[in-house]
Structure formats: C-alpha cells, structure tokens
Amino acid sequence: MSETLEAYYRFHAGIYDLTRWSFLFGRTDIIDLLSRLTCPRRILEVGCGTGKNLMKLAKTFPTARITGLDLSPDMLRKAQNKAHAAADRIDLVHGAYDGPTAPGTFDLVLFSYSLSMMDPGWEAAIGAAGEDLRPGGRIGVVDFHDSPLSGFRSWMGMNHVRMEGHLLPALQRAFDTETFTIRGGYGGLWRYLIFIGVNRVRPTAAKAAG
Ligand SMILES: C[S@@+](CC[C@H](N)C(=O)[O-])C[C@H]1O[C@@H](n2cnc3c(N)ncnc32)[C@H](O)[C@@H]1O
C-alpha cells in the first residue's frame, strides 16, 4: 500500500497545494481549536504532506518542537521548502507510520486527511498514536467522514480515500473524547470530521514515563 500511495503522490505533490484548499476543509480550524485546549511542547503530524499544517503549528505553538512524518519523498520535498523558515523546530522524517515512533513522548499527535488513506492500517495507526502520546496528551484528527452517495465514495476510493464513518467510533474507543464535530462539504456531498481526544494512561506509556 505504501508503494501505491508513494506513486500516487509522485504526481500529486506538484499540484497538491494548488488544489487541496478547495476540499480538505477544517485543517486550520482544528489547529485553532487545539490552541484553545492545549499548549503542546512536542508535536507529531502523521502524514504531514507538503507541510501546510507544520507551518501553522509552528506559528500557533511558537516554542513547540514539531515532527512531520510522511511516506512520500515528493511530498516531504515540498514540506522541506516550506519548513526552512522554522527549520530549527521542525524535523521531517521519511517513512510509513506502521508503529509508534517514540513512545510516551508527544503532547499532540495530529492526523490531517491521512488516516482515511491508511487502509489497511488505520486501526494500527490509532493504536500507535496512543503509544506515541504521553498520558493526557491529545490526538487531533481532521478527515473525511462519509458520503451519502455511493458513486462519490467509490471515486474517492479510487483516490485511496476510505470514507465510511469508520474512524470516529474507533477514535472514541481508543481515546477520551474531548470534542468532535461532523460538518458538511459542498452542501452535503460528503461530511468531514474534527475529533480531539485525550490519551489514557496505557501500560507501555506509563512504563516509559516512570
Ligand atoms: C491527503 S495528504 C494530507 C497531507 C497533510 N496532512 C494535509 O493536511 O495537507 C495525506 C498524506 O498522508 C501520507 N500518508 C498516507 N499514509 C501514510 C502512512 N501510512 N504513513 C505516513 N504517511 C502516510 C501521504 O503520503 C500524504 O502525504
């Protein structure tokens, strides 16, 4: 699956920032919302893409150290170009999120339109985020939720996006829900999700902390 997505973004990296503003809604909102709830020192964005959120995170949390992880070298190259302004605080890491990166370390893990592309793998990624977060740390997810139109869901599937309302229940099982909203895009053609949850004390994280 990683190879398929890598190939997909080899082309899309070039047009990503020009096109995605028109349908990846809620990305600014979730960071603004997070800033009213928490002041993280260590942040991980999983699937950071071209780095739009990394720059917004760096501006919103001026003392935070931020890691951006992505499996696409082409997307990361774009992120690198943007991140030089805050290069002392942003680390870019190439790789697939198929397990925790630094257990018990992060105050915030953000998934912005990346979890819905991890199929298979989204359940493991939610589990890995729980391990990467310290107890009491927050997970933020903004992503496609669902669509009433099966043709649209299929078309999104061809673009490697699964939108079947599967993320919210799994997030609510894994984290204590702090807040969530489901909003409509383009008059209800699809709905997208903003979820913020608090990490529970987990055996591995507790061990790493103590
Ligand atoms: C739709 S883009 C979102 C980029 C950015 N977060 C944003 O909001 O603009 C999805 C990104 O997730 C990355 N991605 C997908 N699955 C991944 C995985 N398993 N591990 C790391 N990155 C992944 C893709 O390479 C892509 O850059």
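Helices and strands are DSSP runs, a helix having at least four residues and a strand at least two, and they are numbered from the N terminus. On that basis Ala96 falls in the loop between β3 and β4. The structure described here is a predicted model.

**The loop residue Ala96**

Ala96 is partly exposed, with a relative accessible area of 32%. Residues up to four places away in sequence aside, Ala96 touches Ser2 and Leu71. Ser2 stands 94 residues from Ala96 along the chain, yet the C-alpha atoms of the two are separated by 7.0 Å.

**Strand pairing and crossovers**

Strand β4 covers residues 106-112. Seven of its seven residues are buried, so β4 is largely enclosed by the rest of the structure. Two other strands pair with it. Strand β1 (residues 42-46) runs parallel to β4 and is joined to it by four bridges; within this pairing, Leu44 stands opposite Val109 of β4. Strand β5 (residues 133-146) also pairs with β4 in the parallel sense, over six bridges, and here Phe111 has Val141 of β5 as its bridge partner. The elements β4, α6 and β5 form a β-α-β unit that is right-handed.

A further parallel pairing links strand β2 (residues 65-70) to strand β3 (residues 90-94) over five bridges. One of the bridge partners is Ile90 in β3, which is matched with Ile66. Between β2 and β3 the chain passes through helix α5 (residues 73-83), and this β-α-β crossover is right-handed.

**Two polar residues of β4**

Which residue does the side chain of Asp107 meet in a polar contact of 2.6 Å? The partner is Arg134, through its side chain. Asp107 lies in strand β4 and counts as buried because its relative accessible area of 5% is under the 20% limit. Leaving aside neighbours within four places in sequence, the contacts of Asp107 include Pro40, Arg41, Arg42, Leu133 and Arg138. Arg134 and Gly137 also appear among these contacts.

Ser112 is likewise placed in strand β4 and is buried, with a relative accessible area of 7%. Its side chain is joined to that of Asn53 by a polar contact of 3.0 Å. With neighbours within four places in sequence left aside, Ser112 is in contact with Arg27, Glu45, Val46, Gly47, Asn53 and Val142.

**Surroundings of the ligand**

The ligand is surrounded by 21 residues, of which Arg27, Glu45, Gly47, Asp70 and Ser112 are the closest. Polar atoms of the protein and the ligand pair as follows.

| Residue | Protein atom | Ligand atom | Distance |
|---|---|---|---|
| Arg27 | polar side-chain atom | oxygen | 2.7 Å |
| Tyr97 | backbone N or O atom | nitrogen | 2.9 Å |
| Ser112 | polar side-chain atom | oxygen | 2.6 Å |

Ser112 thus has a polar side-chain atom 2.6 Å from a ligand oxygen atom, in addition to its side-chain polar contact with Asn53. Arg27, which pairs with a ligand oxygen atom at 2.7 Å, is also in contact with Ser112.

**Backbone geometry in the loops**

Most residues other than glycine have a negative phi, and most peptide bonds are trans. Several places in the model depart from this pattern.

The peptide bond from Asp119 to Pro120 is cis, its omega being near 10 degrees. Pro120 is found in the loop between β4 and α6 (122-132).

His160 has a positive phi, near 70 degrees. The loop that holds His160 runs between α7 (150-158) and α8 (167-174). His160 counts as buried, at 17% relative accessibility.

Tyr186 also has a positive phi, near 50 degrees. Its loop lies between β6 (176-185) and β7 (190-198). Is Tyr186 buried or exposed? Tyr186 is exposed, with a relative accessible area of 53%.

**Cysteines**

With a cut-off of 2.5 Å between cysteine sulfur atoms, the number of disulfides is zero. Cys39 is exposed, having a relative accessible area of 63%, whereas Cys48 is buried at 5% relative accessibility.

Note on methods: Residues are numbered from 1 along each chain as its sequence is written. This is a predicted model: local features need pLDDT of at least 70, side-chain atom pairs count only at pLDDT 80 or more; totals for chains, interfaces and linings use all residues. Side-chain values use heavy atoms; hydrogens and water are left out. Two strands pair if DSSP finds at least two bridges between them. A crossover is right-handed if, with the strands pointing away from the viewer, the path from the first strand over the helix to the second runs clockwise. Buried means under 20% relative accessible area, exposed over 50%, partly exposed in between (1.4 Å probe, protein chains only). A polar contact is a pair of N or O atoms within 3.5 Å; within protein, one must be able to donate a hydrogen and the other to accept it, and residues adjacent in sequence count only if both atoms are side-chain atoms. Contact means heavy atoms within 4.5 Å. A residue is near a molecule or strand if one of its heavy atoms lies within 4 Å of it.
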